[in-house]
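Trainee: I want to see how the labels on a model are earned. Can we go through some of them together?
Mentor: Yes. Ask, and we will set values against cut-offs.

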Amino acid sequence: MNIAIVGASGAVGQEFLRVLDQQNFPIDELTLFGSQRSAGRSYTFRGKQYTVKLLQHNDDFRGIDIAFVSAGGGTSQEFAETITKHGTLMIDNSSAFRMDKDVPLVVPEVNGDDAFNTPRGIIANPNCTTIQMVVALKPINDLSPIRRVHVATYQAASGAGAAAMDELVEQYAQLGRGEEPTVEKFAYQLAYNVIPQVDVFTDNGYTKEEMKMFNETKKIMHAPDLNVSAMCVRVPVMRAHSEAVWIETERPISVEEAREAFEKGEGLVVIDNPAAKEYPMPLPTAGLDPVYVGRIRKDITCENGLTFWIVGDQIKKGAALNAVQIAQYLIAHGKKFGK
């Protein structure tokens with residue numbers, strides 16, 4: 001298979017290289033694309049050097065089977081036709097096409113078959129916070145349809161990119177030296193702080209990030225009546241997002257039934273032993289593939305309610321890994337690529 005990565009120099013682009021290697025993804029030829037700023041850089045993949053090509057409106061995607069795209073929504077919209085016109089499947093990590101009716105929004109553990117319906121040659125990778133939440137919602141929804149979700153997120157600096165991660169490290173160093181911290185990537189200083197804003201605010205008082213969780217969850221789970229209310233918060237963690245989730249199901253589900261469903265759920269690992277202080281945390285789960293779930297208990301305010309805590313690596317399962325798993329799902333279920 002011939003594979004391209006668009007946005008190869010970014011945090012997610014670099015994660016694509018690691019994930020493709022870790023997953024032993026079949027690659028005959030690899031092409032890296034980037035902006036004017038990153039074109040010419042070289043990266044090593046499986047012992048071979050690759051130079052980033054400038055992304056242009058030409059025929060560079062002829063013969064490429066799959067393009068993993070993570071270069072921002074504007075770039076995705078501008079180059080979608082260029083990328084797909086010769087039959088390349090574009091798996092896009094931006095928000096540009098997620099809610100388009102003719103573009104599937106896919107988390108393989110939840111709605112993998114949707115990836116086969118691609119009239120525009122585009123599959124959208126969901127928002128990172130949505131991905132890890134729906135992986136956890138799926139096994140419970142299979143027991144009893146979920147009516148309502150409330151979620152509070154604790155989102156790492158990684159969600160704002162590599163430069164934001166660097167800024168957090170630099171802020172701590174600057175504060176340690178008694179200097180004023182650099183504040184460019186976030187609305188406020190993130191070090192020693194939490195910021196109850198991820199993305200810009202909309203007219204209803206929710207941020208775009210919170211509305212992504214509302215809209216994307218409905219689409220992925222094929223549940224137009226499912227309501228999701230989110231509060232998204234940036235926290236001074238380098239990598240891996242955490243979420244506190246409250247759900248209401250049509251019938252009561254016991255903690256034991258829920259735990260068993262989580263343990264059998266695809267892409268999930270249960271860490272739930274409060275007596276031994278064992279529960280998922282972002283520090284030990286950063287860089288790992290699964291979504292981790294713990295603190296499973298009844299919601300004492302709602303007869304049909306459950307609450308639990310989930311943690312997942314935003315750059316990995318929340319971005320690059322999910323996109324690669326979409327391609328793996330297609331291959332495993334009969335999609336033909338290559339010559």
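The questions below take up helix packing, burial and backbone angles in this predicted model.

Trainee: Why are H1 and H9 called oblique to each other?
Mentor: Look at the angle. Helix H1 (residues 11-22) packs on helix H9 (residues 316-332) at about 50°. Roughly parallel needs under 35 degrees, and roughly perpendicular runs from 65 to 115. An angle of about 50° fits neither range, so the pair is oblique. The axes are 9 Å apart, and H1 passes H9 in a right-handed crossing.

Trainee: Which residues of H1 and H9 meet?
Mentor: H1 brings Val12, Glu15, Phe16, Val19, Leu20 and Gln22. H9 brings Lys316, Ala319, Ala320, Leu321, Ala323 and Val324. By class, the residues of this contact are nine nonpolar, one polar and two charged.

Trainee: What makes H4 and H6 oblique?
Mentor: The same kind of test. H4 and helix H6 (residues 208-220) cross at roughly 40°. That is past the limit of 35 degrees for roughly parallel and short of the 65 where roughly perpendicular begins, so H4 and H6 are oblique. Their axes come within 9 Å. This crossing is right-handed.

Trainee: What meets what between H4 and H6?
Mentor: On H4, the residues are Cys128, Thr129, Thr130, Met133, Val134 and Leu137. On H6, they are Glu209, Lys212, Met213, Glu216, Thr217 and Ile220. The contact of H4 with H6 divides into six nonpolar, three polar and three charged residues.

Trainee: How do you know that Val149 is buried?
Mentor: Buried means under 20% relative accessible area. Val149 has 0%, so Val149 is buried. Val149 sits in strand E9 (residues 146-155).

Trainee: What does Val149 touch, leaving out residues up to four places away in sequence?
Mentor: Met133 and Leu137 are among its contacts, and both also take part in the contact of H4 with H6. Val149 also touches Leu226, Asn227, Val228, Ser229, Val245, Trp246 and Ile247. Take Asn227: 78 residues from Val149 in sequence, yet 6.2 Å away in space, C-alpha to C-alpha.

Trainee: Why are the buried residues of H7 said to be on the same side?
Mentor: First, who they are. In helix H7 (residues 255-264), Val255, Ala258, Ala261 and Phe262 are buried. They cover an arc of only 125° around the axis, so they fall on the same side of H7. Glu256, Glu263 and Lys264 are exposed on the other side.

Trainee: What do the buried residues of H7 pack against?
Mentor: One helix partner is H4 (128-143). The strands are E12 (268-270), E13 (291-298) and E14 (305-312).

Trainee: Why does Lys277 count as exposed?
Mentor: Exposed starts over 50%. Lys277 has 65% relative accessibility, so Lys277 counts as exposed. Lys277 lies in the loop between E12 and helix H8 (282-285). Its phi is near 55°, a positive value in a residue other than glycine.

Trainee: Why is Arg295 called partly exposed?
Mentor: Its relative accessible area is 35%. Buried would need under 20%, and exposed over 50%. Arg295 falls in between, so Arg295 is partly exposed.

Trainee: Where does Arg295 lie, and what is its phi?
Mentor: Arg295 is in strand E13, one of the strands that the buried residues of H7 pack against. Its phi is positive, about 50°, although Arg295 is not a glycine.

Terms used: Residues numbered from 1 in each chain as written. Predicted model: local features only at pLDDT ≥ 70, side-chain atom pairs only at ≥ 80, totals over all residues. Heavy atoms only, no water. Axes fitted to C-alpha atoms, helices over the stretch in contact; angles between N-to-C directions. Helix = DSSP H or I, 4+ residues; strand = E, 2+ residues; numbered from the N terminus. Parallel < 35°, antiparallel > 145°, perpendicular 65-115°, else oblique. Left-handed = near helix turned anticlockwise from the far one by under 90°. Contact = heavy atoms within 4.5 Å. Nonpolar A, V, L, I, M, F, W, Y, C, P; charged D, E, K, R; others polar. Buried < 20%, exposed > 50% of the residue type's maximum accessible area, 1.4 Å probe, protein only. Arc of directions from axis to C-beta.
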